[in-house]
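Got a protein on your screen and not sure where to look? Here's a quick tour to read alongside it.

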Amino acid sequence: MNDILQAAKALESQIIADRRHLHQIPEVGMELPESAAYIKKRLDEMGIAYRDCGVMPDELAQKYVDLGYERMHSSTGIVATIGSGAPCFLLRADFDALPIEEINDLPFRSTRKCSHMCGHDAHAAMLLGAAKLLKEREGELKGTVKLMFQPGEERGAGSKTMVDDGLLENPKVDAAMAIHIMSTTELGKVTYSVGVASSSLDTFVIRIQGKGGHTSTPQLCIDPLMIANQIYTALNLLMTREVSPSATATLSVGIMRSGTASNVLPDTAELKLGMRTYDKEARAHILERIPQIVEHYTAAWRGSCHITTFCCPCTYTDAAVTGDILPAVQAVAGEGNVLETPPMAGTEDFGYVTEEVPGVFLLLGAGGPDAYPHHNPRMTLDESVFYKGAALYASCAMEWLRKHGG
């Protein structure tokens with residue numbers, strides 16, 4: 001493993017250059033043509049075969065519109081392969097940005113109204129570095145390494161668009177790994193959570209159709225704002241009465257809006273809410289009960305409703321795959337730098353992959369507890385750790401294939 005770490009160190013300047021280039025051309029959502037073109041160019045330079053991967057069905061595109069996003073028409077994912085035959089180990093990096101304007105005074109700062117304030121530019125650069133390391137050792141691989149460059153993680157379904165387009169087939173993926181860099185974790189520390197590694201996120205957009213009119217004649221109207229208010233209360237009660245206190249689950253209504261004047265009963269009302277949990281059974285129950293409550297409260301007051309549901313599952317870290325790659329992780333990170341921790345509170349759409357195949361989700365420290373957190377316009381990363389990320393990707397893939405290959 002030490003030779004891979006040394007080889008990754010020799011690639012450090014290229015990894016940083018790749019990251020800085022992507023940092024300056026951030027793109028948001030599923031359609032990332034400039035970033036995808038750069039990744040393809042780099043794969044071409046390394047002689048690595050790839051294909052476009054990602055579908056955008058009309059139903060998914062409309063859900064994003066209902067959530068308040070622009071209509072998206074495609075998913076610009078890329079899947080590349082190194083080696084041949086079975087088994088197959090997948091390495092994933094996302095490369096989409098956030099709709100946040102960067103404040104940092106850096107020579108490579110984003111000049112757009114969006115920026116890589118979640119470190120996805122670093123993920124893509126580290127995986128490009130790993131691609132180089134693996135291509136140089138292709139003859140040593142005991143199977144195939146599949147590289148997944150994914151858009152739309154921040155939109156919660158970028159990985160799903162690739163899974164639906166055959167990501168996990170031809171060759172069939174047997175296990176998978178992703179790395180997320182963390183600005184607030186000590187430099188070089190690697191953490192993981194066996195079992196649930198991140199919370200699910202289920203979003204609901206509820207549109208209530210009433211019958212607007214004058215406030216002096218409420219009997220002639222159907223008040224959607226009253227219906228929305230009762231739904232708001234009932235859903236919050238649901239979490240306290242039908243979810244076990246031992247199950248970590250939260251539900252929050254972020255938007256409830258309706259009306260234009262104090263003497264007018266509105267015609268429509270809208271609620272937007274999100275539910276997060278680590279508990280699979282609690283999630284299944286809540287997903288079933290929310291539509292029931294909404295529909296029955298609406299019907300009780302003679303209104304009608306339309307519910308748009310957008311779901312992103314928990315990411316799971318498989319104990320057996322973790323055991324297989326842990327020696328490689330420790331060899332790269334160093335003694336005392338690999339820690340098992342509780343799952344992260346945020347949501348990670350790598351869960352769509354780990355629903356289908358056993359996987360591992362690692363967090364790599366690139367700062368410290370006093371650094372600006374992710375999704376902050378001042379977030380920065382210590383670039384000196386990027387080569388270790390590339391080494392982690394490559395080492396873990398080779399270690400897993402060595403143990404499971406023919």
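What follows covers the empty spaces, the helix contacts and a few unusual spots in the backbone.

Keep in mind that this is a predicted model. The biggest open space here is a pocket of about 1100 Å³, and there is one cavity of 30 Å³ or more. Three helix pairs are worth a look as well: α3 with α5, α1 with α11, and α2 with α5.

**The largest pocket**

- Start here: the volume of the largest pocket comes to about 1100 Å³.
- Its lining is made of 40 residues, and the ones nearest the centre are E154, L201, R276, T347 and H375.
- Strands do a good share of the lining: β5 (175-186), β7 (195-209), β9 (249-258), β11 (268-277), β12 (304-312) and β15 (344-347) put in at least two residues each.
- Sort the lining of the largest pocket by class and you get 18 nonpolar, 14 polar and eight charged residues.

**The second largest pocket**

- Next comes the second largest pocket, with about 200 Å³ of space.
- Here 13 residues form the lining, and L60, K63, A157, K160 and F310 sit nearest the centre.
- Two helices and a strand, namely α4 (58-66), α6 (158-163) and β12, each give at least two residues to the lining of the second largest pocket.
- If you met β12 a moment ago, that's right: β12 also supplies at least two residues to the lining of the largest pocket.
- The lining of the second largest pocket splits into seven nonpolar, two polar and four charged residues.

**The cavity**

- General idea first: rolling a probe the size of a water molecule over the atoms shows where empty space is left.
- In this model, one cavity reaches 30 Å³ or more, and the largest cavity holds about 50 Å³ of space.
- Want to find it? Look for T191, Y192, S193, A197, T341, P342, P343, M344, F361 and L363, which line the largest cavity.
- Strands β6 (190-192) and β16 (359-367) each contribute at least two of the residues lining the largest cavity.
- What classes of residue line the largest cavity? Seven are nonpolar, three are polar and none is charged.

**Helix α5 and its partners α3 and α2**

- Helix α3 (residues 33-46) and helix α5 (residues 120-136) have axes that come within 10 Å and cross at roughly 15 degrees.
- That angle is why α3 counts as roughly parallel to α5.
- The crossing of α3 past α5 is right-handed.
- On the α3 side, I39, R42, L43 and M46 make the contact, and on the α5 side A124, L128, A131, K132 and K135 do.
- The contact of α3 with α5 involves six nonpolar, no polar and three charged residues.
- Helix α2 (residues 12-24) also packs against α5, at an angle of about 145 degrees and with the axes 8 Å apart.
- Again, the crossing is right-handed as α2 passes α5.
- From α2, the contact uses I15, D18, R19, L22 and H23; from α5, it uses D121, A122, A124, A125, M126, L128 and G129.
- By class, the contact of α2 with α5 counts seven nonpolar, two polar and three charged residues.
- Did you spot the overlap? A124 and L128 of α5 take part in the contact with α3 and in the contact with α2.

**Helices α1 and α11**

- Helix α1 (residues 2-10) meets helix α11 (residues 386-404), with axes that come within 9 Å and cross at roughly 145 degrees.
- α1 passes α11 in a crossing that is right-handed.
- The residues in contact are I4, L5, A8 and K9 of α1, plus Y387, K388, A391, A394, S395 and M398 of α11.
- The contact of α1 with α11 divides into seven nonpolar residues, one polar and two charged.

**Backbone oddities**

- Check the peptide bond from A86 to P87: it is cis, with omega near -5 degrees.
- You'll find P87 in the loop between β2 (77-83) and β3 (88-94).
- Another cis peptide bond links N170 to P171, and its omega is about 0 degrees.
- P171 belongs to the loop between α6 and β5.
- R302 is not a glycine, yet its phi is positive, near 70 degrees.
- To see R302, go to the loop between α8 (280-300) and β12.

Methods: Residues numbered from 1 in each chain as written. Predicted model: local features only at pLDDT ≥ 70, side-chain atom pairs only at ≥ 80, totals over all residues. Heavy atoms only, no water. Axes fitted to C-alpha atoms, helices over the stretch in contact; angles between N-to-C directions. Helix = DSSP H or I, 4+ residues; strand = E, 2+ residues; numbered from the N terminus. Parallel < 35°, antiparallel > 145°, perpendicular 65-115°, else oblique. Left-handed = near helix turned anticlockwise from the far one by under 90°. Contact = heavy atoms within 4.5 Å. Nonpolar A, V, L, I, M, F, W, Y, C, P; charged D, E, K, R; others polar. 1 Å grid on protein atoms, 1.4 Å probe; cavity = no way out; pocket = protein on both sides within 12 Å on 5 of 7 lines; lining within 4 Å. Points joined across faces, edges and corners; volume = space filled by probe spheres on them.
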